[in-house]
Amino acid sequence: MTDTLIKVDLTKSPTENEMIHNRWHPDIPMACWVNPGDDFILETFDWTGGFIKNDDSADDVRDIDLSTVHYLSGPVGVKGAEPGDLLVVDLLDIGAKQDSLWGFNGFFSKKNGGGFLTEHFPEAQKSIWDFKGMFTSSRHIPGVNFAGLIHPGLIGCLPDKKMLDLWNEREQALIDTNPTAGLANPPSPGTAHMGKLTGEAKAKAAAEGARTVPPREHGGNCDIKDLSRGSKVFFPVYV
């Protein structure tokens, strides 16, 4: 039987789980280790850490602190992997937990960063989608039923310190141009969850840790719908 290496309790905050993190930093300790070729299961929170609820109010979408996201399971160390290697990851299956067969989408409020269609939809909105096999439907959008692909959304490898410094310098240069709100985000230590790190080591890493919002050289926030079960992904190893 395939082992579940990371488990989550959806009734608890992800910040109570030391096998979860929400920043990229090379000092975050590995949550678990595997051998090359191992099959294993990782449970995850949704990207908001459970902040969005299965109800009919969009207040949670309006009020979420976006500096907290995304909550990631891991890191998972691969024994024998070294910087410069190419890591091959096969996504054998992806699905929702049996006690949480639903998802959501929504528009963020313009007052909370907004999104790509902020000028058309300035107020927060939300729809809940129930999963039934490969199909999904929503009580908020009657008459719509479609087959959907579940994908990890965000997946990548930890950066080394040189890569992390490059990201922070590059993104700070963009921030200094006063771009559209949310286009680039500096480290936000106040809401950083750094896995197993504690004390001064946690504080130092939190002050440097890269936000998980953009995709970067290591992978990251891909949101590729076809990156689903049966996909093979190649990642550069930095640490």
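Which residue takes a positive phi in the hairpin of β9 and β10? In this predicted model, the residue is G133, whose phi lies near 65° in a hairpin that has two residues between the strands.

## The β8, β9 and β10 strands

Strand β9 (125-132) is paired with β10 (residues 135-137) through three bridges, and the two run antiparallel. On the β8 (102-107) side, β9 is joined to β8 by six bridges, again in the antiparallel sense. Residue D130 can be followed across this arrangement, since W102 stands opposite D130 in β9, while D130 in turn stands opposite S137 in β10. In general, strands of a sheet pair through backbone hydrogen bonds, in either a parallel or an antiparallel manner.

## Aromatic pairs

The count of aromatic pairs in the model comes to four. One of them is formed by W47 and F108, which meet edge-to-face at 6.0 Å centre to centre with 90° between the planes. This pair links distant parts of the chain, 61 residues apart: W47 belongs to the loop between β4 (41-42) and α1 (59-63), whereas F108 belongs to the loop between β8 and β9. W47 is partly exposed, because its relative accessible area of 30% falls between the cut-offs of 20% and 50%. Together with F104, the residues W47 and F108 form one aromatic cluster.

A further pair consists of W129 and F146, with ring centres 5.4 Å apart and planes at 65°; the pair is therefore edge-to-face, as an angle over 60 degrees is counted in that class. Here too distant parts of the chain are linked, with W129 in strand β9 and F146 in strand β11 (residues 145-147), 17 residues apart. The two partners can also be described by their accessibility: W129 counts as buried at 10% relative accessibility, and F146 counts as partly exposed at 38%.

## The open sheet and R216

An open sheet of three strands follows the order β12-β14-β13, with antiparallel pairing. Its edge strands, β12 (154-156) and β13 (215-216), each pair on one side only. Between β13 and β14 (residues 219-221) there are two bridges, in the antiparallel sense.

R216 has two kinds of partner in the model. Its bridge partner in β14 is G219, and the charged end of R216 sits over the ring of W167, 4.6 Å from the ring centre.

## Helix α3

In helix α3 (residues 199-208), the residues A205, A206 and E208 are buried. These three lie on the same side of α3, because they cover an arc of only 165° around the axis. The other side of the helix carries G199 and E200, which are exposed. Among the elements that cover the buried residues of α3 is α2 (161-175).

## The surroundings of H193

H193 is placed in the loop between α2 and α3. This residue counts as buried, because its relative accessibility of 7% is under the 20% cut-off. Polar atoms of the H193 side chain lie 2.8 Å from the backbone oxygen of N17 and 3.1 Å from the backbone oxygen of I20.

When residues up to four places away in sequence are not counted, H193 touches P14, T15, N17, I20, H21, N22, R23 and Y71. The residues N17 and I20, whose backbone oxygens were described above, are thus named among these contacts as well.

Notes
Residues are numbered from 1 along each chain as its sequence is written. This is a predicted model: local features need pLDDT of at least 70, side-chain atom pairs count only at pLDDT 80 or more; totals for chains, interfaces and linings use all residues. Side-chain values use heavy atoms; hydrogens and water are left out. Rings of Phe, Tyr and Trp (its six-membered ring) pair if their centres lie within 6.5 Å; planes under 30 degrees apart count as stacked, over 60 as edge-to-face and the rest as tilted. Helices (H or I, at least four residues) and strands (E, at least two) are DSSP runs, numbered from the N terminus. Buried means under 20% relative accessible area, exposed over 50%, partly exposed in between (1.4 Å probe, protein chains only). A charge sits over a ring if NZ of Lys or CZ of Arg is within 6 Å of the ring centre and within 35 degrees of the ring normal. Two strands pair if DSSP finds at least two bridges between them. The arc is that of the directions from the helix axis to the C-beta atoms. Contact means heavy atoms within 4.5 Å. A polar contact is a pair of N or O atoms within 3.5 Å; within protein, one must be able to donate a hydrogen and the other to accept it, and residues adjacent in sequence count only if both atoms are side-chain atoms.
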